[in-house]
Amino acid sequence: AIAESFPVQIGVTVQVGNESGTSQSVVFPDGCVLLMRAYDSRNNLVWDFGHLVDCTQSLVEVDLSPGETRQFQTGLISAATILGESLPDGEYRIAVYLRPNGQTVELDAGVADLAVPRG
């Protein structure tokens, strides 16, 4: 979701579900279950929230019954946070990633036009 504001704010929600017929457990390495990344027009990774945030160091275990789903959200992150002082205004591909059971799963969240007031 892109909030109607200037600078733009972006928040992503991901739904994790158990499509099997048995209960499943997923373990995330820390309190940051869902993290956001931004890629430039050449698909270069230019920003990774995982490199900026301090996450609680305790494991997060999610137990899912058959057919059960859980939602995780990034919270709103502003274009100013993503662009900082070094990235130019423009279109960026936004992705989110989770790190279940020692793996990294990245999901495309779409393209956003990011701009901030420059002084």
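**Strand E5 and its surroundings: questions and answers**

Visitor: In which sense do E5 and E6 pair, and over how many bridges?

Guide: In this predicted model, strand E5 covers residues 35-39 and strand E6 covers residues 45-48. The two strands form a hairpin with five residues between them, and Asn43 in the turn has a positive phi of about 65°. Their pairing is antiparallel, and the number of bridges is three.

Visitor: Which residue in E6 stands opposite Arg37?

Guide: Arg37 belongs to the side of E5 that also carries Leu35 and Tyr39. Among the residues that Asp48 touches, beyond four places away in sequence, is Arg37. Asp48 has its place in strand E6, and the residue opposite Arg37 is Asp48.

Visitor: Is Asp48 buried or exposed?

Guide: The cut-off for a buried residue is a relative accessible area under 20%. Because Asp48 has a relative accessibility of 7%, it counts as buried.

Visitor: What is the length of the polar contact that joins the side chains of Asp48 and Tyr97?

Guide: Leaving aside residues up to four places away in sequence, Asp48 touches Met36, Arg37 and Tyr97. Tyr97 also has Arg37 over its face, at 3.7 Å from the ring centre. Between the side chains of Asp48 and Tyr97 there is a polar contact of 2.6 Å.

Visitor: Why is E5 described as largely enclosed by the rest of the structure?

Guide: In a regular strand the side chains alternate between the two faces of the sheet. In E5, Leu35, Arg37 and Tyr39 lie on one side and Met36 and Ala38 on the other, and both faces are covered. E5 is largely enclosed because the number of its residues that are buried is five of the five.

Visitor: Which residue in E10 is the bridge partner of Tyr39?

Guide: E5 and E10 pair in the antiparallel sense over five bridges. The ring of Tyr39 has the charged end of Arg93 over it, 4.1 Å from the centre. The bridge partner of Tyr39 in E10 is likewise Arg93.

Visitor: Over how many bridges do E10 and E11 pair?

Guide: E10 and E11 form a hairpin with six residues between them, in whose turn Asn101 has a positive phi of about 50°. Within this pairing, Arg93 stands opposite Val111 in E11. The strands run in the antiparallel sense, and the bridge count is nine.

Visitor: Which element supplies the largest share of the largest nonpolar core?

Guide: The largest nonpolar core has 27 residues, and Ile10, Met36, Ile82 and Leu114 have the most contacts inside it. Elements that each supply at least two residues include strand E5, helix H1, strand E10 and strand E11. Seven of the nine residues of E10 are buried. The largest share, four residues, comes from E10.

Visitor: How is the aromatic pair of Trp47 and Phe49 classed?

Guide: Met36 touches both Trp47 and Phe49. Trp47 is buried, with a relative accessible area of 8%, whereas Phe49 is partly exposed at 23%. The ring centres lie 5.7 Å apart and the planes make an angle of 35°. Planes under 30 degrees apart would count as stacked and those over 60 as edge-to-face, so the pair is classed as tilted.

Technical notes:
Residues are numbered from 1 along each chain as its sequence is written. This is a predicted model: local features need pLDDT of at least 70, side-chain atom pairs count only at pLDDT 80 or more; totals for chains, interfaces and linings use all residues. Side-chain values use heavy atoms; hydrogens and water are left out. A nonpolar core is a set of buried Ala, Val, Leu, Ile, Met, Phe, Trp, Tyr and Cys residues joined through side-chain atoms within 4.5 Å. Buried means under 20% relative accessible area, exposed over 50%, partly exposed in between (1.4 Å probe, protein chains only). Contact means heavy atoms within 4.5 Å. Rings of Phe, Tyr and Trp (its six-membered ring) pair if their centres lie within 6.5 Å; planes under 30 degrees apart count as stacked, over 60 as edge-to-face and the rest as tilted. A charge sits over a ring if NZ of Lys or CZ of Arg is within 6 Å of the ring centre and within 35 degrees of the ring normal. A polar contact is a pair of N or O atoms within 3.5 Å; within protein, one must be able to donate a hydrogen and the other to accept it, and residues adjacent in sequence count only if both atoms are side-chain atoms. Two strands pair if DSSP finds at least two bridges between them.
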